[in-house]
Amino acid sequence: MNPHTLHTDRLKALRTMILELAKGNFAYRLPINTTTAQPKDVEILLNVLAEELADFFVYASSFNERNIPEPFIFVLDTKHHICGLNERFRKLLGYLEHELLHQPLSKVMTASSLEQLKEKLQNIASQELNASHPILLCFSTQHQTLLDCWGYCHWVSDGKKSYFIFRGSVIEKRKDPPQPPIKLPPNRTYATLQLQADLQNLKRVHQFILENLHTQLPSLHLIARQFHMNEFKLKTGFKELYQTTIFKFHLNKRLEMAMVMIKFTPTSIKVIATSYGFKSAAHFSRVFKNKYGKSPRYFKPK
Amino acid sequence: MHNYIHTKYAEIYIKEGIVFFRYLTIEDFDEHVAKELVAIRLQLQREQTYPVLCDVRALNIPSKKARNYLSIEGSLLVSAIAYWADPHTTKELTDFFLKINPPLVPSAIFTAKEEAIMYLKAFIS
């Protein structure tokens, strides 16, 4: 292929990518041409940007409704077989009940979605019982159409058997034509700028927490002052953006870091507890057990 | 005690107070790979904290979850990271990733190994 054609093709691909992002299609990826010596940084950067935007928009906008109207519900056993479902779930997928019950989830879920889900379930099963975890799923219906869904997963156990309960809804695709532009009130520009500033501040708070895993956090009031936000905005904004509260996120991250240290270093549990700002080894063991269901000692290599 | 590990993902060794961590080309760099690499490095270091020279010249793009994991859990027992990148291929990308997922320890990008080592020497304990 001559260099001019190659250049034109590349520009065309870049334009398509920008257009897809503008349309909100964050799943689109540019093919990376590895056969040429042409720099491929821009293609890779755009793909990474799409990945970041997808994460940000889907999570920030979808997972704020706890009360899902008419949710689908289904239950999985630990081998990922469907062991319970409601009528809404059956109708969405277009099967009869007996065609779904006791069937592997792979029958109705795309391979990539299933792979991601299995990974997530492993993670959920190592966390607190009954907590709800935001989740994205892609089903393949009986009519061979793809159904993107969002919802929450709960891990429950009766002491002998464990189950994953899912409740969720379909992500509605916009089919209506673009609406005429709405006239904004005069202070709207300021409001938008304010929102951007708040988002950036919340990301800074997130980083601040990560940089302070070895110690207790200051009060919400002090964090809000440090990042020039009011306390209410800090509290609700963080929850909306990261699906957890500031203090829960701080505690969970400290426990996750402690878990890695317990599993892969010979450092004593007492030292690990102190280095992550827990008052005592006993206090650490208690909150660790609350999260992982077992004491820290259980995970220490023998 | 062993201070050299070679896996299909990386070559890691400790020399003169610095961990040398050379990524090999990883086709599918997901969170599992990131977890395995952090685990191996921690086992090699035992309880010691070291500065790390991270050779990313052959590195493929890690997934978002892998990047998140490396920036947070990947900072465990690390006092500083110097990324050794190729000026024509991986430098811009490494710079981009560090801005999106900043590690929890001081870090910098270099295109010459000697400069990277020089930077890390200040962090040897």
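Two strands count as paired if DSSP finds at least two bridges between them. Keep that rule in mind as you work through this predicted model.

**Exercise 1.** Decide whether β4 and β5 of chain B pair in the parallel or the antiparallel sense, and name the bridge partner of B:Pro51.

*Solution.* Start by finding the two strands: β4 covers residues 50–55 of chain B and β5 covers residues 78–84 of chain B. Next, count the bridges. There are 6 bridges, against the required at least two, so the strands pair. Their sense is parallel. Finally, look across from B:Pro51, and you will meet B:Ala80 in β5(B).

**Exercise 2.** Place these strands in their sheet, find its edges, and find a helix that packs on it.

*Solution.* First, write down the order, β1-β2-β3-β4-β5-β6 in chain B, which is an open sheet of 6 strands with mixed pairing. Then look for strands that pair on one side only: these edge strands are β1 (4–6) and β6 (107–110) of chain B. On average, neighbouring strands are turned by 15 degrees against each other, direction ignored. Now add helix α4 (residues 113–121) of chain B, which touches β3 (18–23), β4, β5 and β6 of chain B. The direction of α4 makes about 165 degrees with that of β5(B).

**Exercise 3.** Describe the contact between chains A and B, starting with how many residues each chain gives.

*Solution.* Chain A gives 16 residues and chain B gives 17 residues. On the chain A side, α2 (41–62), α6 (188–210) and α9 (246–264) each supply at least two residues. The largest share, 6 residues, comes from α2(A). Sorted by class, the side of chain A that touches chain B has 8 nonpolar, 3 polar and 5 charged residues.

Conventions. Residues numbered from 1 in each chain as written. Chains lettered and ligands numbered in written order. Predicted model: local features only at pLDDT ≥ 70, side-chain atom pairs only at ≥ 80, totals over all residues. Contact = placed C-beta atoms within 7 Å. Helix = DSSP H or I, 4+ residues; strand = E, 2+ residues; numbered from the N terminus. Nonpolar A, V, L, I, M, F, W, Y, C, P; charged D, E, K, R; others polar. Axes fitted to C-alpha atoms, helices over the stretch in contact; angles between N-to-C directions.
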